[in-house]
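Work through the exercises below with the sequence and the model open. Each task is followed by a solution in steps.

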Amino acid sequence: MNQVSKSVLGAFASLLLSSAAFSAQHAAGQATPVAELPVSVAVTASDCWIRQIPAPAPSGGFLVFHNQADQAAVLTGVSSPDYADVMMHETTHENGMSKMSMVHQVSVPAGGQLDFKPGSYHLMLEQARDGLKVGDHVAVDFLLADGHRVSAQCEIKSPKAMSGMGHMQHMKH
């Protein structure tokens, strides 16, 4: 068996074991809240921002994950104390149509990065706590398959915000 196959098999086995352990804890009512899990040293998040859309529509969240490990890291969940529901979504394009779907896990490549950006992977955040406004910062925690977490501080931006990477752009009418 070549080295790549061994690495893929090892990552898959690790994912299965950690998923089984997490599921067993959850089923027994012993699940540790994501915010209490140890912070990952290898995986970090940066440039997080949330396009605040007026309720009841969900807001969109965007950021960049960086993985310094020599194997892929798998995001398996997300939560925030400032939103009742946070989900990972992916926008796909087929036959000239765009479609958004919830995803249950996303892989951040070994030694690489993964962008959650408009038109690709992103967060859907529903039922914001009262009082959130443009310029506020909120905490978002991501669960990794290995039992660690990645934390991000996300800036709330205008519904017209197109990018959080260094400057704000506005939609042209």
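**Exercise 1.** Decide whether S158 is buried or exposed, and describe its surroundings.

*Solution.* The relative accessible area of S158 is 17%, so the residue is buried; buried means under 20%, exposed over 50%, and partly exposed in between, with a 1.4 Å probe and protein chains only. This is a predicted model, in which local features need pLDDT of at least 70, side-chain atom pairs count only at pLDDT 80 or more, and totals for chains, interfaces and linings use all residues. Residues are numbered from 1 along each chain as its sequence is written, and side-chain values use heavy atoms, with hydrogens and water left out.

Next, place the residue: S158 belongs to the segment that follows β10 (149-157). Strands (E, at least two residues) and helices (H or I, at least four) are DSSP runs numbered from the N terminus.

Then look at the side chain of S158, which comes to 3.0 Å from the backbone nitrogen of K160. Such a polar contact is a pair of N or O atoms within 3.5 Å; within protein, one must be able to donate a hydrogen and the other to accept it, and residues adjacent in sequence count only if both atoms are side-chain atoms.

Finally, list the contacts (heavy atoms within 4.5 Å). With neighbours within four places in sequence set aside, S158 contacts R51, Q52 and V134.

**Exercise 2.** Find the disulfide and state which parts of the chain it ties together.

*Solution.* A disulfide is a pair of cysteine sulfur atoms within 2.5 Å. The structure has one. It is formed by C48 and C154, whose sulfur atoms are 2.0 Å apart. C48 is in strand β1 (residues 43-51) and C154 in strand β10, so the link ties together parts 106 residues apart in sequence. The angle about the S-S bond is 75°, and the link of C48 and C154 is right-handed. Both C48 and C154 are buried.

**Exercise 3.** Analyse the ring pairs of F65.

*Solution.* Rings of Phe, Tyr and Trp (its six-membered ring) pair if their centres lie within 6.5 Å; planes under 30 degrees apart count as stacked, over 60 as edge-to-face and the rest as tilted. The rule gives four aromatic pairs. For F65 and F116, the ring centres are 5.2 Å apart and the planes stand at 70°, so this pair is edge-to-face. It connects distant parts of the chain, with F65 in strand β2 (residues 59-67) and F116 in strand β7 (residues 113-116), 51 residues apart.

F65 has 0% relative accessibility and counts as buried. F65 also pairs with F142: the centres are 4.9 Å apart and the planes at 90°, so this pair too is edge-to-face. Here F142 lies in strand β9 (residues 137-144), 77 residues from F65. F142 is buried as well, with a relative accessible area of 0%. Taken together, ring pairs join F65, F116, Y121 and F142 into a cluster.

**Exercise 4.** Which residues have the most contacts inside the largest nonpolar core?

*Solution.* A nonpolar core is a set of buried Ala, Val, Leu, Ile, Met, Phe, Trp, Tyr and Cys residues joined through side-chain atoms within 4.5 Å. The largest has 28 residues, and F65, L75, F116, L123 and F142 have the most contacts inside it. As an example, F116 has a relative accessible area of 0%. Not counting residues up to four places away in sequence, F116 touches residues including L63, L75, M88 and V106.
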